[in-house]
Structure formats: C-alpha cells, structure tokens
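Please look over the sequence and the structure below before reading on. The report after them is written for a reader in the first year of study.

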Amino acid sequence: MRSPGAASVMFWMLTQVLTGGSRGFVPQTRRSSLTQNVLHEFELRLLSMFGLKERPNPSSSAVVPQYMMDLYTVHSVNDRPKAATVSLGRSSERSASRANTIRSFHHEESLEDLSSSSGTTTQSFHFNLSSIPNEELVTSAELRIFREQVEGLSRNDSNGFHRINIHEILRGSGLHQEPISRLLDTRLVQHSISKWESFDVSPAIQRWTTERGPNHGLLVEIIHPDLESKKHVRLSRSLHQQEDTWPQMRPLLVTYSHDGKGNVLHNREKRQARPNKGRKKHKLNCRRHSLYVDFSDVGWNDWIVAPPGYHAFYCQGECPFPIADHLNSTNHAIVQTLVNSVNGNIPRACCVPTELSPVSLLYLDEYERVILKNYQDMVVEGCGCR
C-alpha cells in the first residue's frame, strides 16, 4: 500500500506537471529537485495507466513494421490530417471498426518448418500470443505475406496465377502421424505483381486466445505447378539473399482486439475545442490552458514510436459568482457558488475538464512487439465549473 506521504508527493508532482507550463511533461527545473524513487513511482503510475507492468526497453534491432505505421496514420485521432494519404483496404477498416487495440507478431524462426515437393511449397509458422491479456477479446486477425513478381517468365506466362492456401494446424506431425489441418483462407495471385497479400486467420487466433485451444501454428501452402522459381513468396529468411530487406518483408500476424474500455479505432474525428467566449476582463476565469506532453522528457521516446508527444491541455481558473454562461457550469455548481457568496466556509465550484478525447499510441511492448492502442480521456477538449 502506498504511504500517505508518497501519495502527497505524487499529487504534488501531478500539480507541478499541470501548472508548470506548456513544454515539458515533468519540467526540467522541477525534475532536479525530485528523488529518483518518486520519479520511479510516477513512471509506474503512468505505465499502469497504459496497461504495462514495466517500462519497455527495446533493443536497437527492434523492428517497427511499415504496416503498423500505416495503421497508425489511418486510425490515429492525433494524426488525422495524414489519414487520406494511406489506404489499407476494406478488410482493415472492418477489423478496426470493432477494436481499440491492434497488435503485430513475427513468427518464431527457430520453430519454422519448410518443405517442398513438385509444384508445392509449404511452411509452418508458430506465433507466441501469450502477451495478449486474458480480458482482451480478439475480434479478427490477418496473416500478411509479401510476394514478389516472378522474373524471367515468358510472355505467355506473365498473366498466369498461382495459389496460396493458409491452414490452421490442428495436430502437429509426430511418430507415424501426419499433421492434421483445416483451410482458413485461399487466394489465386498473379505472377507479374509484387504486393502484400492479407489472409483471414480469425477462427484460428480466436480459438487460441478466447477459447484457449492448443496453438500448433499456421501452415502456408504455395501451389506453383508451372513455375521454376519458388522464391517469389517471402516465407523464410534462408530463401532470400537480400537479408537487409527481411525484417520488413517477413510474414506478419496482426490481431485486432478490444479490452472493453473506450472507443474503437475506426472512423473517429478529433473534436475541436470550444472557443472561449469570455471577455478579456474574465481572462482569470476557468478556461483551457496549453500543456504539451513530450515523451522524450521522461525518456519514453525509445519505446513510444508515435506520436513524439501530444497536446494534453489542462483546466485552471476561477469560478466566480455569478457564474457566466460560457463557463459551462452545472446547476449544482451554480448553487454551490451562490452559497459561497454568503458563507465563505463553503468552497467555490472547481474548474475541471468537461470534455475529454482519446489519444492513439504506437509503441513497442516489453517483448518488442508493436502495438497500436486507443487511450481514452487523454486530451482536455473543454473546461467548466463543477
């Protein structure tokens, strides 16, 4: 249990953050006077708010998939002006329309199993999904695979197709046992085009997470009876000579989920703050003030990918009698302020946020997995007397 003294210091710190100006999360002039233990507790409180048990410390080799960056651009409430420049397709829009959290996973390369026969290549993938919290409901999932244009084709073959099948492995292979699988998604793809292909693997991921069924992995089957080249689909690091491109081109599992808190990521517009209608002589009255949260101030810019910071704002000012209409007060606040005018023992109404909006964060968790999440009530949009 936190001691009353520590709680008082925490409250004082938060007060300093809110009243210390518009530049820093913890103003530099204040930070030097605070003990490391208090700063550590302050950090833990914020990490808990973000649903993290400890501060992520990603390595320099951690990879942020471009797809996750594109998802952030499209679905972020704090980066809405760029949304029109990126299109991810209807499948992503439908998936995000039921989720407030998007997670990405790379497969365990040490467990991959590649095999090839005449006209067919198969590869099994294992994804560790243990970092998905139990209270989080996975609504959909997609497996993304990059395929390159098949070079050296004759003119007659340039418009040909080959098939990609995605299976869930229901039972792995063992002694005298063949693996058992079920088809999840399939697609005919054109030889002459390089692009990412997205496959719906929701039934398997939901069975592994919600139903807690056994996770034996996914099987990718490529049927190419008329092709000599089998290296046009990015399935394994060993199949490609360009090692520097593998981190961005390797298969990616993306899950869409909801933790039961707040709004979904889909189709949300940031609300505009209400303009202050008070006259200049009322500049000390309750209103919104500038506060920019800079993640580099607390050393979080190494694991928070985007945004680098955001405008949180805060409310401060007087709620004088009589309370003007533009101060957005409640009936109770009007009555309390009226009583205060005749009885100073009763405090005036307080200046507090009356409208709040969310912020979307793209970050690396403690397992270096990239997550896009919508956090509620992070930005003050309006202030009033309460």
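This report goes from the whole chain to its strands, a helix, the salt bridges and a few single residues.

**The whole chain**

The model is predicted. Its secondary structure comes to eight helices and 16 strands. The protein has 386 residues, and 44% of them count as buried. Among contacts with a separation of 6 or more, residues 24 or more positions apart account for 72%. The accessible surface comes to about 20,900 Å², and 50% of that surface belongs to carbon and sulfur atoms.

**Strands that pair**

Strand β4 (137-147) is mostly covered, with 10 of its 11 residues buried. β4 pairs in the antiparallel sense with strand β9 (residues 252-258) over seven bridges. In that pairing, arginine 144 stands opposite leucine 252 of β9. β4 also pairs with strand β7 (residues 195-200), again in the antiparallel sense, over six bridges. Here phenylalanine 146 has tryptophan 196 in β7 as its bridge partner.

Strand β8 (residues 218-223) pairs with β3 in the antiparallel sense over six bridges. Serine 124 has leucine 219 in β8 as its bridge partner. Strand β5 (residues 161-171) pairs with β8 as well, in the antiparallel sense and over six bridges. Isoleucine 164 stands opposite isoleucine 222 in β8.

**A helix against the strands**

How many of the eight residues of helix α6 are buried? The count is six, and helix α6 (residues 202-209) is therefore described as mostly covered, given that buried means under 20% relative accessible area. The buried residues of α6 are Ser202, Ala204, Ile205, Arg207, Trp208 and Thr209. They pack against β4, β5, β6 (180-190), β7, β8 and β9.

**Salt bridges**

The protein has nine salt bridges. The table gives three of them, with the N to O distance of each.

| Side chains | N to O distance |
|---|---|
| Glutamate 197 and arginine 147 | 2.8 Å |
| Arginine 187 and glutamate 197 | 3.5 Å |
| Aspartate 259 and lysine 373 | 2.6 Å |

Glutamate 197 and arginine 147 meet in a salt bridge. Glutamate 197 lies in strand β7 and arginine 147 in strand β4, so this pair ties together parts that are 50 residues apart in sequence. Both glutamate 197 and arginine 147 are buried.

Arginine 187 and glutamate 197 also meet in a salt bridge. Arginine 187 belongs to strand β6 and glutamate 197 to strand β7, so this pair ties together parts that are 10 residues apart in sequence. Arginine 187 is partly exposed, because its relative accessible area is 26%. Glutamate 197 counts as buried because its relative accessibility is 6%.

Aspartate 259 and lysine 373 meet in a salt bridge too. This pair links distant parts of the chain, 114 residues apart: aspartate 259 is in the loop between β9 and β10, and lysine 373 is in strand β16 (residues 370-385). Both aspartate 259 and lysine 373 are buried. Salt bridges that share partners also join Arg147, Asp185, Arg187 and Glu197 into one network.

**Residues in loops**

Glutamate 136 is in the loop between β3 (120-125) and β4. It is buried, because its relative accessible area is 6%. Its side chain and that of serine 257 are joined by a polar contact of 2.6 Å. Leaving out residues up to four places away in sequence, glutamate 136 touches Thr101, Arg103, Ser257, His258, Asp259 and Lys373.

Proline 307 is in the loop between β12 (304-306) and β13 (309-311). Proline 307 is buried, because its relative accessible area is 8%. Its C-alpha atom is separated by 9.2 Å from that of tyrosine 363, a residue 56 residues apart from proline 307 along the chain.

Lysine 283 lies in the loop between β9 and β10 (287-289). Is lysine 283 buried or exposed? It is exposed, because its relative accessible area is 61%. Lysine 283 and glutamate 318 are 35 residues apart in sequence, and their C-alpha atoms are 9.4 Å apart in space.

**A nonpolar patch**

Val335, Val339, Val342 and Ile346 form a nonpolar patch on the surface. Together they have about 330 Å² of accessible area. One of these residues, valine 342, lies in helix α8 (residues 331-342). Valine 342 counts as exposed because its relative accessibility is 73%.

Key:
Residues are numbered from 1 along each chain as its sequence is written. This is a predicted model: local features need pLDDT of at least 70, side-chain atom pairs count only at pLDDT 80 or more; totals for chains, interfaces and linings use all residues. Side-chain values use heavy atoms; hydrogens and water are left out. Helices (H or I, at least four residues) and strands (E, at least two) are DSSP runs, numbered from the N terminus. Buried means under 20% relative accessible area, exposed over 50%, partly exposed in between (1.4 Å probe, protein chains only). A polar contact is a pair of N or O atoms within 3.5 Å; within protein, one must be able to donate a hydrogen and the other to accept it, and residues adjacent in sequence count only if both atoms are side-chain atoms. Contact means heavy atoms within 4.5 Å. Two strands pair if DSSP finds at least two bridges between them. Patches are made of residues with over 30% relative accessible area and no salt bridge: like charges are joined within 9 Å, nonpolar side chains (Val, Leu, Ile, Met, Phe, Trp, Tyr) within 5 Å. Accessible areas come from the Shrake-Rupley method with a 1.4 Å probe; for residues, only the protein chains shown count as cover. A salt bridge is a side-chain nitrogen of Lys or Arg within 4 Å of a carboxyl oxygen of Asp or Glu.
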